[in-house]
Each structure stands twice: as C-alpha cells, then as structure tokens.
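Subject: Handover of a protein structure

Dear colleague,

Please find below the sequence and structure that I am handing over to you. My notes on what was found follow, and I would ask you to read them with the structure open.

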Amino acid sequence: MKIKMSWKGMTAAAGVALMLIACNKENTGPMPEEEIISAEDNQSIIDETEAVFTYNDELFGGLSSLRESAETGTDSVGNPGKRPLKADKCATVSRTESNGIITIVVDYGTAKECEGRKVGGKMTIQIPVKPPRDASGLFTQNITYQNFQRGPRIINGKHTINLALENGRVVTKEDFTETTITTEDGKTITFSSTKTRKEDAKGTPLNRADDEILVTGSTTATGSDGKTFKSTITKVLITKVACRGTGGIFPVSGTIEIERPDKPKTVVDYGDGNCDRTYTVTSDGKTITKSRK
C-alpha cells in the first residue's frame, strides 16, 4: 500500500524528527562541569567527615559505649576513670584534666609520610568529666581540627558530637561549623553540616560484623569552584561495617539532592548495597557513574 503525504505533512514530520534528535543530543550530551564539581565536593565532605568521626570513635574504642569519669574504671596505665586510648604510631597523644574538662590532643606535628599515608596537624578533643556515680549525663565532645590530616586532604574547623535519646534509643548527633577542607589539588571547600547517626545491630548485638550505620542530615557549602550549594540526604545513607575491609567508610545505598542557585537539582545515588564505592550523579536528565578510590 502506498501512502501519499503532502508537503505540509512531510515538513511537519521532518520537524518532529529534528526535535527528537535535538532532545536525544541534549540528554546524552556531557553533564555541565558545575554539577560534577558540586557532587565531587560534596563527596569530599562526606569522605573527610566520616573519616575523622571513625578515627575519633576508634580512638576511644567506641563513642557510645562509655564516657570518661573521675571515679570508675582505670586505663591500661592505671589512671582512674580513663578509658585506654588507641595507640597511634604517627602521633603524640596526650590527656589532661582541668576544671572538670578532659582534654585529649592528637598531634602529628609537621606534615609527613607515616605508615603509608600523609599525616599532619592536630586534633583537640574536650569532654566534660562525667558526674558522680549514679548521676545521669550523656557523652559530649567538642573537637577542633588544626591542619589535621590523615590522608590526601586537610581539615580545619569545629566539630561537636553529642549522644541523644530518640524514642528511648541512643543516637549520635553531630555538627561541623566553620569547617574547611583542602583538597588534594590545593583547593578549598568551606561547609557546615548537621547529621544524625544511628546504628542498626540487625538483631545480633554481639556480632558487629553485620551492623549498619544510618545517616541523615544536610550540608551547606561553598565548593572548590567558589559556587554555593546545599545538599540534603533524601534517602538515608547506609554504611555497612562488613564493607569496611574492601569498600572503606563509604555509603552503599541512599540518595542525596544537591541544590544550587538557579540550577537544576542534582541527585546522587549510592546504589543497591554493594561494597563497590561507586555512585551515580544525575542532573537535568543526564546521568554519569563515578567511582571513588
């Protein structure tokens, strides 16, 4: 069967075809650099804040398990009420007490290579002494970072960690304020963030290997390109303890929305739970896959 088409119909069909081609090119073209930079800067913030939180947690043998006091327990060298601090072969670790405040300093000194990583600077932790026996009081830390480095990036700023009760369950709430990260190539990211962190023992509290850490919160930042953005966790970020051996401290699932003035939203998606250190970045109909070393 032959189909006759007028010149008007042919023109209209050609126009539709051109529009489809144009749309296809738009959706498959390269993502604007600004979207990529914002997503990468936000990932650097996540990487660094998770790294210092985890180091702090390991330093004390677990933030949520105990709080230092002046009367119960002793550390490995006999100091009453003091939990043993994790040894760090690259740093001088000191602990003093004055006016009801315990001060712990991790000092790497001048930047250097140690045990296969770059280290340098200082972290100072201040903790109020626990009230007398049978008195209540949740764990609080006020931390400052001064050119603190345990890898490729440097962090400066203030960090507060509090244990809080939600529905009868202890959760960790933390804030970073007046904080900067110096990236591997010498650029600066400035940010403030608020997070809530919960642990899910998956029904086996004595088996930490299957635990998951669930994080929610938001961040406001000025990126390494001088552009401002806000990121909000829209689907809880999950980190698996079991993945730390292969995937390190990295979300295995969850989503984040990044907003910039007068720009389309960018969505970062960490996938379906695999320990693969990959995520996708989607903006204005375009999606790319990124991998973190």
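A residue counts as buried when its relative accessible area is under 20%, and as exposed when that value is over 50%. With a relative accessibility of 3%, Ser38 therefore counts as buried. Please keep in mind throughout that the model is predicted.

Ser38 has its place in helix 2. Apart from neighbours within four places in sequence, the residues in contact with Ser38 are Phe229, Ile258 and Arg260.

**The chain as a whole**

The protein chain has 293 residues, and 39% of them count as buried. Its secondary structure comprises 2 helices and 13 strands. Among contacts with a separation of 6 or more, 45% are between residues 24 or more positions apart. The chain has an accessible surface of about 15,900 Å², and carbon and sulfur atoms account for 54% of that area.

**Paired strands and hairpins**

Strand 2 (residues 101-114) and strand 3 (residues 117-128) run antiparallel and are joined by 11 bridges. Within this pair, Ile102 is placed opposite Ile127 of strand 3. The two strands form a hairpin, with 2 residues between them.

Which residue in the turn of this hairpin has a positive phi? It is Glu115, with a value of about 50°, although Glu115 is not a glycine. Glu115 belongs to the loop between strand 2 and strand 3. Is Glu115 buried or exposed? Its relative accessibility is 59%, so Glu115 counts as exposed.

Strand 3 also pairs with strand 4 (residues 140-150): the two run antiparallel, and 7 bridges join them. Here Gln126 stands opposite Asn142, a residue of strand 4.

Further along the chain, strand 12 (residues 278-283) and strand 13 (residues 286-291) run antiparallel, with 6 bridges between them. Ser283 has Lys286, in strand 13, as its bridge partner. These strands form a hairpin with 2 residues between them, and Asp284 in that hairpin has a positive phi near 50°.

Asp262 is another residue with a positive phi, about 60°, although it is not a glycine. Its position is in the loop between strand 10 (253-259) and strand 11 (266-272). Asp262 counts as exposed because its relative accessibility is 80%.

**The largest pocket**

The largest pocket has a volume of about 1,100 Å³. Its lining consists of 43 residues, and those nearest its centre are Asp47, Glu48, Ala51, Pro152 and Arg153.

Which elements each supply at least two residues of this lining? They are helix 2, strand 2, strand 3 and strand 4. Helix 2 provides the largest share, with 14 residues. By class, the pocket lining divides into 22 charged, 14 nonpolar and 7 polar residues.

**The cavities**

How many cavities of 30 Å³ or more does the structure hold? There are 2 of them, and the largest encloses about 170 Å³ of space. This cavity is lined by 18 residues, of which Ile46, Lys195, Ile233, Leu237 and Ile256 are closest to its centre.

Helix 2 (33-60), strand 7 (188-200), strand 8 (212-222) and strand 9 (228-240) are the elements that give two or more residues to the lining of the largest cavity. Strand 9 gives the most, with 5 residues. The lining of this cavity has 8 nonpolar, 8 polar and 2 charged residues.

**Where to look in the structure**

I suggest that you begin with helix 2, which holds the buried residue Ser38 and gives 14 residues to the lining of the largest pocket. You may then turn to strand 3, which pairs with strand 2 and with strand 4. Lastly, please compare the loops that hold Glu115 and Asp262.

With kind regards

Technical notes. Residues numbered from 1 in each chain as written. Predicted model: local features only at pLDDT ≥ 70, side-chain atom pairs only at ≥ 80, totals over all residues. Heavy atoms only, no water. Pairing = 2+ DSSP bridges. Helix = DSSP H or I, 4+ residues; strand = E, 2+ residues; numbered from the N terminus. 1 Å grid on protein atoms, 1.4 Å probe; cavity = no way out; pocket = protein on both sides within 12 Å on 5 of 7 lines; lining within 4 Å. Points joined across faces, edges and corners; volume = space filled by probe spheres on them. Nonpolar A, V, L, I, M, F, W, Y, C, P; charged D, E, K, R; others polar. Buried < 20%, exposed > 50% of the residue type's maximum accessible area, 1.4 Å probe, protein only. Contact = heavy atoms within 4.5 Å. Areas by Shrake-Rupley, 256 points an atom, 1.4 Å probe, with all protein chains shown as cover.
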